[in-house]
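Work through these exercises with the model open beside you. Try each task before you read its solution.

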Amino acid sequence: MGRDHRGSRRPGLSSSFRQDVVAGLSLPQKALPPKHFYDAAGSRLFERICRLPEYYLTRAELSLTRSHIGAIARFAGRGGVLMEYGSGESLKTRLLIRALRPSAYMPVDISQDALRLAVAKLRREFPRLRIEPVAGDFSRPLDLPRLPGRDRLVYFPGSTIGNLTPQEAQAFLKMTRGQVGPRGAMLVGVDLKKDANVLHAAYNDARGVTAAFNLNLLKRINRELDGDFDLKRFSHYAFYNAPLGRIEMHLVSLAAQTVNVGDHRFGFGAGESIHTENSYKYSIAEFQALAAQGGWRPGKVWTDRRGLFSLHALVAG
C-alpha cells in the first residue's frame with residue numbers, strides 16, 4: 001500500500017472509476033486499480049493501518065526523515081517549489097516544509113476531500129506559505145500552475161511507487177522528469193526487500209484493518225456505481241510473491257456467484273479473485289537502476305536504522 005493513490009467523487013473521476021471497474025472486472029484475472037481505494041472511508045482506514053504495530057512502513061519512513069532531515073534539506077535546497085504527490089496526514093511534509101522553507105507548496109491528489117483536509121491543516125500551521133493544491137490523477141500528465149521559485153522538488157513518499165509495475169514506474173519517472181525541468185529533483189520513498197514474514201504481517205494485520213480497507217473498495221462500488229457485492233461472500237487475501245518481488249492483495253470470492261455493477265453482470269467462481277493491489281519491494285541497487293532508466297541521476301539514499309525503508313534523492317540534471 002501507498003498512501004498517495006486516492007479516489008474522488010468529482011464527475012470526471014467518477015466516470016473514470018466506472019470505466020476502470022467495468023474494464024477490470026471483465027479481465028480474465030479480474031483486477032481493480034489501487035487508486036480507487038481512497039474514498040473518505042478508505043482514507044480513514046488507511047490512516048488506521050499506518051498506526052498498526054505490524055505496518056512498519058510509515059514509522060520507518062518518518063524515523064529516517066527525522067534522523068536525516070538536515071542532509072535531506074542540504075540536498076533539496078531552500079526556497080524552491082515543493083510539489084508532493086498525495087498529501088496523506090502530512091507528518092513528513094511538515095518536517096520538509098520547516099527545513100526547506102519553500103516558496104510554494106503544491107500538493108497533487110486525486111481525492112478532493114483528502115486534499116481539502118490536508119491543505120486546511122497545513123494552512124493553519126504555515127499561514128505564510130503559499131499553497132496551491134491540484135486535484136488530479138498524478139499518474140497521468142497534469143496541467144500544473146506556474147509558481148515562483150527557481151527549482152522544483154517532487155516529493156513522493158509512502159512507497160506508493162511500489163503500487164506500479166516496474167514498467168509503469170519507469171514511465172511515471174520519465175513523465176515526472178519532464179515536469180520538473182533541468183534543475184529539478186525528486187525524493188522517493190521506497191520499501192526495501194526483507195523477510196517475507198515481516199511483509200506478510202504488514203498486509204495481514206491481526207485487527208483486520210487491512211481486510212476492511214480492501215473490502216471497502218466493494219462498498220464504494222456498491223454505493224457509487226449501483227453495485228450489489230455481498231461483502232460477506234468475499235475475503236481479503238494478501239501474500240508475498242517472491243519471484244516478482246511484490247506483495248499482492250486480492251479479494252477472493254468464497255462461492256460461485258454473480259455480481260451486478262449498474263447494467264453490467266460479472267460471474268465469479270468459488271476461489272476466483274479480484275487483484276486489487278501490488279506493492280513492489282526493491283533493493284537499493286534495483287531502484288537506482290530503475291530511476292536511471294526513468295531519466296534520473298540517482299544520488300544519496302537514506303534508510304532507517306533497521307534497513308526496512310529507503311528514501312532516494314534523484315537529480316534531473
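**Exercise 1: Two helices that cross**

Helix 7 passes helix 10 in a right-handed crossing. The model is a predicted one.

Task: Which class of angle describes helix 7 relative to helix 10, and which residues meet?

Solution.
- Step 1. Locate the helices: helix 7 covers residues 166-180, and helix 10 covers residues 284-293.
- Step 2. Take the axes. They come within 8 Å and cross at roughly 50 degrees.
- Step 3. Classify the angle. Angles under 35 degrees count as roughly parallel, and 65 to 115 as roughly perpendicular. The crossing therefore makes helix 7 oblique to helix 10.
- Step 4. List the partners. Helix 7 brings P166, A169, Q170, L173 and K174. Helix 10 answers with L290, A291 and Q293.
- Step 5. Sort this contact by class: 5 nonpolar, 2 polar and 1 charged residues.

**Exercise 2: A second helix pair**

Task: Find how helix 3 is oriented to helix 5, and name the residues in contact.

Solution.
- Step 1. Helix 3 spans residues 56-67, and helix 5 spans residues 91-100.
- Step 2. Their axes come within 10 Å and cross at roughly 10 degrees.
- Step 3. The cut-off for roughly parallel is under 35 degrees, so helix 3 is roughly parallel to helix 5.
- Step 4. E61, L62, T65 and R66 of helix 3 meet L91, K92 and L95 of helix 5.
- Step 5. By class, this contact has 3 nonpolar, 1 polar and 3 charged residues.

**Exercise 3: The nonpolar cores**

Task: How many residues has the largest nonpolar core, and which helix gives the most to it?

Solution.
- Step 1. Count the core: 63 residues. L25, L187, I221, F229 and I274 have the most contacts inside it.
- Step 2. Find the main contributor. Helix 9, residues 209-225, gives the most, with 7 residues.
- Step 3. Look around I221. Leaving out residues up to four places away in sequence, I221 touches F17, V21, L32, D226, G227, F229 and V261.
- Step 4. Note a second, separate core of 30 residues. Among its members are V154, A169, F172 and L173.
- Step 5. Set this against a general trend: in soluble globular proteins, nonpolar side chains tend to be buried together.

**Exercise 4: One leucine**

Task: Is L45 buried or exposed, and what does L45 touch?

Solution.
- Step 1. Place L45 in helix 2, residues 40-49.
- Step 2. Relative accessibility is 14%, so L45 counts as buried. The cut-off is under 20%.
- Step 3. Beyond residues up to four places away in sequence, L45 touches V209, A212, F213 and N216.
- Step 4. Check a distance. The C-alpha atoms of L45 and A285 are separated by 33 Å. Along the chain, L45 and A285 are 240 residues apart.

Note on methods: Residues are numbered from 1 along each chain as its sequence is written. This is a predicted model: local features need pLDDT of at least 70, side-chain atom pairs count only at pLDDT 80 or more; totals for chains, interfaces and linings use all residues. Side-chain values use heavy atoms; hydrogens and water are left out. A nonpolar core is a set of buried Ala, Val, Leu, Ile, Met, Phe, Trp, Tyr and Cys residues joined through side-chain atoms within 4.5 Å. Buried means under 20% relative accessible area, exposed over 50%, partly exposed in between (1.4 Å probe, protein chains only). Helices (H or I, at least four residues) and strands (E, at least two) are DSSP runs, numbered from the N terminus. Contact means heavy atoms within 4.5 Å. Axes are lines fitted to C-alpha atoms, for helices over the stretch in contact, and angles run from 0 to 180 degrees between N-to-C directions. Angles under 35 degrees count as roughly parallel, over 145 as roughly antiparallel, 65 to 115 as roughly perpendicular and the rest as oblique. A crossing is left-handed if the near helix is turned anticlockwise from the far one by less than a right angle, and right-handed if clockwise. Ala, Val, Leu, Ile, Met, Phe, Trp, Tyr, Cys and Pro count as nonpolar, Asp, Glu, Lys and Arg as charged, and the others, Gly among them, as polar.
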